[in-house]
Amino acid sequence: MIPIVLLFLFGIIDFGLALNAQNSDTNVANLAVRVASVIGTSASEPCNGTAETTLSAWVTCEAAATGAPAPTSICVADTSGTTPTSTYTTGDPIEVEVQSNFSWLKLVTSKVAGLSSTIGASATMRLEQGPATSGSTIPFFTGTTTCTSA
């Protein structure tokens, strides 16, 4: 009887940890889309005293600074059309999606093949300052993939 109760207890605790990780990804995605929406033609953005030159590096730094899980995937896209693109114009909606891995029941699964899930979040804002040439790419987004779904 006690092992079953402990399994439920640890399951509830683990579910809470998964929700916390998803909340952290949501926070990092919100911070990232805010930086992405105002970056314009700037070459870098400060994070924790370091000037990061790409959105991927900035998100990784910000995740570490806020205690969020390390991101495994970061994508950014202009979602003004039916298909997300990597060309940007001032006023268009821009989406940033951040994903990370969550290992379930780490105490048990660290001894065997890990049971993990991908957790992620996305956020969208209007691009406040686009590139100098409308419809072109933004150098700060180098190294990120283009999000595939709007």
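**Entry 1: strand E4 and its partners**

I began with Pro 71, which stands opposite Ser 100 in strand E4, and I note here that I am reading a predicted model. Pro 71 belongs to the pairing of strand E3 (residues 71–78) with E4, which I find to be antiparallel and joined by seven bridges. I then looked for what E4 pairs with besides E3, and found strand E5 (residues 116–126), which runs antiparallel to E4 over eleven bridges. Within that second pairing I located Glu 95, which stands opposite Thr 124 in E5.

How many of the eleven residues of E4 are buried? I find that eight of them are, so strand E4 (residues 93–103) is largely enclosed by the rest of the structure.

**Entry 2: Asp 25**

Coming back to Ser 100, I followed its side chain to that of Asp 25, and the two are joined by a polar contact of 2.7 Å. I place Asp 25 in helix H1 (residues 2–38), so the contact ties a residue of this helix to the one I had met opposite Pro 71.

Is Asp 25 buried or exposed? I read a relative accessible area of 1% for Asp 25, and because buried means under 20%, this acidic residue counts as buried. Setting aside the neighbours within four places in sequence, I list Pro 69, Val 98, Gln 99, Ser 100, Ile 119, Gly 120 and Ala 121 as the residues in contact with Asp 25.

**Entry 3: the nonpolar core**

I next turned to the largest nonpolar core, which has 26 residues, and noted that Leu 55, Val 59, Ile 94, Val 96, Phe 140 and Phe 141 have the most contacts inside it. The elements that give two or more residues to this core are H1, helix H2 (55–66), E3, E4 and E5, and I find that H1 supplies the largest share, with six residues.

Which residues does Phe 141 touch, not counting those up to four places away in sequence? I find Ala 36, Ile 39, Leu 55, Val 76, Tyr 88 and Ile 94, and I note that Leu 55 and Ile 94 are themselves among the core residues with the most contacts.

**Entry 4: the disulfide**

I searched for disulfides and found that the structure holds one, formed by Cys 47 and Cys 61, whose sulfur atoms are 2.2 Å apart. The link is left-handed, with -95° about the S-S bond. I place Cys 47 in strand E1 (residues 45–47) and Cys 61 in helix H2, so that the pair links distant parts of the chain, 14 residues apart. I checked the burial of both partners, and Cys 47 counts as buried at 1% relative accessibility, while Cys 61 is buried as well, with a relative accessible area of 15%.

**Entry 5: the salt bridge**

My last search was for salt bridges, and the count comes to one. I find that the side chains of Arg 34 and Glu 128 meet in it, at 2.5 Å from N to O. What does this pair tie together? Arg 34 lies in helix H1 and Glu 128 in the segment after E5, so the pair ties together parts that are 94 residues apart in sequence. I read a relative accessible area of 38% for Arg 34, which makes this residue partly exposed, and Glu 128 also counts as partly exposed, at 47% relative accessibility.

Terms used: Residues are numbered from 1 along each chain as its sequence is written. This is a predicted model: local features need pLDDT of at least 70, side-chain atom pairs count only at pLDDT 80 or more; totals for chains, interfaces and linings use all residues. Side-chain values use heavy atoms; hydrogens and water are left out. Buried means under 20% relative accessible area, exposed over 50%, partly exposed in between (1.4 Å probe, protein chains only). Helices (H or I, at least four residues) and strands (E, at least two) are DSSP runs, numbered from the N terminus. Two strands pair if DSSP finds at least two bridges between them. A polar contact is a pair of N or O atoms within 3.5 Å; within protein, one must be able to donate a hydrogen and the other to accept it, and residues adjacent in sequence count only if both atoms are side-chain atoms. Contact means heavy atoms within 4.5 Å. A nonpolar core is a set of buried Ala, Val, Leu, Ile, Met, Phe, Trp, Tyr and Cys residues joined through side-chain atoms within 4.5 Å. A disulfide is a pair of cysteine sulfur atoms within 2.5 Å. A salt bridge is a side-chain nitrogen of Lys or Arg within 4 Å of a carboxyl oxygen of Asp or Glu.
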